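Thanks for making the time this morning. I would like to walk through one strand and its neighbours, and then turn to a pocket and to the cysteines.

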Amino acid sequence: MRKLLIIFMLVFVASVTYAKDTKFITHVTLTTYNAVTSQCDGNPLITADGTKIDVKKLKKGTIKYCAVSRDLLRYIPYGSVIHIEGHGFYEVRDTMNKRFSHYIDILQHTSQKNFKKSNVRVVVIKKRKKKG
């Protein structure tokens with residue numbers, strides 16, 4: 001019985017350590033969007049999680065927000081910090097239209113050119129825990 005208990009404890013500690021060290025990594029289609037009514041809802045300066053977008057900070061690049069497709073939201077919830085290969089670190093603050101799957105949309109100022117890239121590596125750096 002004692003051996004069984006020791007084995008159980010070792011397996012438990014190993015699984016907890018493994019879970020803490022693993023990060024969610026995926027590849028997505030990366031697009032960009034602007035905080036304008038034609039690309040958002042009726043209030044384009046407020047994200048899905050309620051964050052107000054400061055257009056001046058967005059233009060300077062001091063805020064870096066993104067939207068995730070709804071299928072990714074369970075793995076990358078609002079408030080998470082992700083690293084997008086070739087583009088840097090972003091905070092998840094918004095959600096894309098339900099027609100998109102496995103997409104991430106970078107929020108950028110209207111002065112920047114929009115783009116679309118396939119098979120871009122994304123790593124969750126800091127996953128925000130859900131409330132409740």
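Let me begin with a pair of residues facing each other across two strands: V68 stands opposite I104, and I104 belongs to β5. I should say at once that this is a predicted model, so please hear every value that follows as computed from that prediction.

The pairing of V68 with I104 belongs to a wider arrangement, in which β2 and β5 run antiparallel to each other and are joined over three bridges. β2 also pairs with β4, but there the two strands run parallel, and four bridges join them. Within that parallel pairing, the residue of β4 that serves as bridge partner to Y65 is E91.

Now to β2 itself, which spans residues 65-68 and includes Y65. Which residues of β2 point one way, and which the other? Y65 and A67 point to one side, while C66 and V68 point to the other, and all of them are buried.

Let me stay with Y65 for a moment, since several of these threads meet there. Y65 has a relative accessibility of 11%, and it counts as buried because the cut-off for that class is under 20%. Leaving aside residues up to four places away in sequence, Y65 touches T51, Y90, E91, R93, I106 and L107. E91, the bridge partner of Y65 in β4, is thus also one of the residues that Y65 touches. As for Q108, its C-alpha lies 8.2 Å from that of Y65, although the two are 43 residues apart in sequence.

Next, the largest pocket, whose volume is about 450 Å³. Its lining is made up of 22 residues, and those closest to the centre are Q39, C40, T95, M96 and N97. The elements that give two or more residues to this lining are β1 (25-33), β4 (88-95) and β5 (103-107), with β1 providing the largest share, namely three residues. By character, the lining divides into nine nonpolar, eight polar and five charged residues.

Finally, the cysteines, where I would ask how many disulfides the structure holds. The number is zero. Two of the cysteines have come up already, and their exposure can be set side by side: C40 is partly exposed, with a relative accessible area of 26%, whereas C66 is buried, at 0% relative accessibility. C40 is thus the cysteine found among the residues closest to the centre of the largest pocket, and C66 is the one that points the other way from Y65 in β2.

How values were computed: Residues numbered from 1 in each chain as written. Predicted model: local features only at pLDDT ≥ 70, side-chain atom pairs only at ≥ 80, totals over all residues. Heavy atoms only, no water. Disulfide = S-S within 2.5 Å. Buried < 20%, exposed > 50% of the residue type's maximum accessible area, 1.4 Å probe, protein only. Contact = heavy atoms within 4.5 Å. 1 Å grid on protein atoms, 1.4 Å probe; cavity = no way out; pocket = protein on both sides within 12 Å on 5 of 7 lines; lining within 4 Å. Points joined across faces, edges and corners; volume = space filled by probe spheres on them. Nonpolar A, V, L, I, M, F, W, Y, C, P; charged D, E, K, R; others polar. Pairing = 2+ DSSP bridges.
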